[in-house]
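Colleague: I should be grateful for a close look at a single part of this structure, with the reasoning set out for a first-year student. Please then continue to whatever else deserves attention.

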Amino acid sequence: MAEDQGEENMASKLEALQRWVDEAAALTRPAAIHWCDGSEAEYQALVRQMLADGTLVELNQQTHPGCYLHRSNPADVARVEHLTLVCHPEREDAGPNNHWMDPAEAHAKMDALFDGCMRGRTMYVIPYCMGPIDSPLSRCGVEITDSPYVVANMRIMTRMGAAAQARIEREGTFVKGLHSTGELDPERRWIMHFPAERLIKSYGSGYGGNALLGKKCHALRIASNQARDEGWLAEHMLIVGIENPRGETHYVAAAFPSACGKTNLAMLIPPEGYRRDGWKVWTVGDDICWMRPGADGRLYAINPEAGFFGVAPGTSNDTNPNALASVARDTIFTNVAVTADNQPWWEGLPGTPVTDWQGRPYDPANGPAAHPNSRFTVSAKQCPTWSEKAEDAQGVPISAIVFGGRRPSLLPLVMEAQDWTHGVLMGAAMGSETTAAATGAVGVLRRDSMAMKPFAGYHYGDYFAHWLSFDKPGMKLPKVFHVNWFRKGKDGKFLWPGFGQNLRVLEWMIARVEGKARGEQTAIGTLPAPGELNLDGLDIDAAALDELLAVDTAGWQAELAAIGEYLEGFAPRLPERLRQERRRVADALDGDVVAPRTATA
Ligand code: O2Y
Ligand code: MN
């Protein structure tokens, strides 16, 4: 692709943007510069180019029209937390939750890598908008990359091209992202964030969160800094609308660490009885949520993304028919396997793989056919439950915030915080087992406050303080809940069926929001009172339900002590209010203020 867009257009470009592109070009020395307009013709030209050079492989166009497969470098298959740095001028501001480097040193390191790295290649300039193009909650960015695969993915995942560029020129501000796949050498790979400069530099990876800079880098790490400065929240949350049979919709924002079924919850299919009664679920977002107080004191949320970068393995007609329907056309698959008739395949789907994610003949001795972190990139509009409210410039009002994690024991199926401060404590104390989405140990329990451990772009102590700051006169804050779909019985089996049945828990939350469920107060929060969870048509035995909703006082005392130890890791910036709140809950447990409950009693 040659240099394009006429001189006339170039002249209209924001000076700061043009200057930055010139600087990037002087450093990286591309053979050509392409300003992305986001058009269909541009996308198709990129696809043709990638098919020709092998970056993409065409999939079965009869069964999957417009679908392509990308196989990444086998050493470049996931986010790399140990190589992801947040370079605040002061080390303290990054906190113990981030890796840090002095900005001057980080710039020198990155610029040495970028020096001449685009020789002989095209540099793509991608203007993008995170959020509806006309929303005051949206924020823009420009990613410069040498990867056409990144351009194609960014077109699906963001509002990319001419309209975003026009907004950038109007507003005069944008987040800068410079990316090169480099040599894909893990020894020469860094993802660096410079929050004070609203700048990201990423080198040496072409994969997902490392390379699609609008997603985790901008929409969470940089945006969390913007949000703190401007009085809003940039969170790792899905947004889902729950419509009751009366046609009223409550919007819920929910944070779970990776691989806890966020996408499934965002696209939940109601159990049959609920469907019959007229319940509907609307998907606004599956991963990221930006929330801001509205004039009425409620929090209003947008999904800054326009697509899903979902995990393929485990996505099936049983677990998530809506996701499967979404990816039947116009989808880029990354690192999935392929069947004999060239259809995409992953573990959980019917059929048989013949070629694995690395393009080898499938041999179970080599491990799974699809990489465990293989992905689909697809426009959110292709989801059957896509909510038209996702395009609403004002965002959707949030009725409930839900925190959750993968906790095999102790944590009940659901509990409600007694107030905002308690909710912040619940979010801060969240924990989950690690998964394949981030490289490193799998199956280890780690705390992951608000599911933001890899994404909060500043000190967690300050981040908790920012959350607490929303509790002020005039605010009508959402209720806060904690859920655990992953509680196991003594036999090691899950106690709760999960998936669509989770709507039963959401229904109880909404009843609490509407003041229609009494709940039962316990030292750890409000749990469903006996009979309040709608279990019609669900085959679950009473003992399982008792276990799911029991409060193990001794276990919780130990948990509160562990939470205290974890939180003190953020001293001296740990807000005193959070410390006191933990003590309040611990004291309530110690005083055995409320006797352990039995759900079926
Ligand atoms: O491994 C990656 O680069 C993707 S990680 C990811 C992708 C989509 C949504 N969430 C995540 C995550 O790790 O939270
Ligand atoms: Mn995520």
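Modeller: Let us begin with K201, whose side chain makes a polar contact of 2.9 Å with the side chain of H107. Please bear in mind that this is a predicted model. K201 belongs to strand β10, which covers residues 199-203. Its relative accessibility is 8%; because the limit for a buried residue is under 20%, K201 counts as buried. Leaving aside residues up to four places away in sequence, K201 touches H107, M110, D111, F114, L178, W190, I191, M192 and F194. H107 is thus named both as a polar partner of K201 and among the residues that K201 touches.

Another lysine, K216, leads to the bound ligands. The side chain of K216 has an N or O atom 3.0 Å from an oxygen atom of ligand 1. For N373, a side-chain N or O atom lies 2.9 Å from an oxygen atom of this ligand, and a polar backbone atom of G209 is 2.8 Å from an oxygen atom of ligand 1. Alone, ligand 1 would expose 360 Å², of which the protein buries 95%. Helices α8 (208-211) and α9 (214-230) are the elements that give two or more residues to the surrounding shell. There are 15 residues around ligand 1, and those that come nearest are R79, G209, S258, N373 and R375. By character, the shell divides into five nonpolar, five polar and five charged residues.

K216 also serves the manganese ion, ligand 2. The protein donors are K216 through NZ, H236 through NE2 and D287 through OD, at 2.1 to 2.2 Å from the ion. Along the chain, the spacing of these donors is K-x19-H-x50-D. K216 sits in helix α9, while D287 sits in the loop between β14 (280-285) and β15 (289-293); the pair therefore ties together parts that are 71 residues apart in sequence. Both K216 and D287 are buried.

Some backbone features complete the account. Most residues other than glycine have a negative phi, and most peptide bonds are trans. M450, which is not a glycine, has a positive phi of about 50 degrees. M450 lies in the loop between β26 (445-447) and α14 (460-468), and its relative accessibility of 0% makes it count as buried. F499 also has a positive phi, near 50 degrees, but at 42% relative accessibility F499 counts as partly exposed. Finally, a cis peptide bond joins A571 and P572, with omega about 5 degrees; P572 is located in the loop between α17 (553-568) and α18 (576-590).

Note on methods: Residues are numbered from 1 along each chain as its sequence is written. Chains are lettered from A and ligands numbered from 1 in the order in which they are written. This is a predicted model: local features need pLDDT of at least 70, side-chain atom pairs count only at pLDDT 80 or more; totals for chains, interfaces and linings use all residues. Side-chain values use heavy atoms; hydrogens and water are left out. A residue is near a molecule or strand if one of its heavy atoms lies within 4 Å of it. A polar contact is a pair of N or O atoms within 3.5 Å; within protein, one must be able to donate a hydrogen and the other to accept it, and residues adjacent in sequence count only if both atoms are side-chain atoms. Accessible areas come from the Shrake-Rupley method with a 1.4 Å probe; for residues, only the protein chains shown count as cover. Helices (H or I, at least four residues) and strands (E, at least two) are DSSP runs, numbered from the N terminus. Ala, Val, Leu, Ile, Met, Phe, Trp, Tyr, Cys and Pro count as nonpolar, Asp, Glu, Lys and Arg as charged, and the others, Gly among them, as polar. Donors are N, O and S atoms within 2.8 Å of the metal (3.2 Å for Na, K and Ca); water is not among the atoms, so sites may look incomplete. Buried means under 20% relative accessible area, exposed over 50%, partly exposed in between (1.4 Å probe, protein chains only). Contact means heavy atoms within 4.5 Å.
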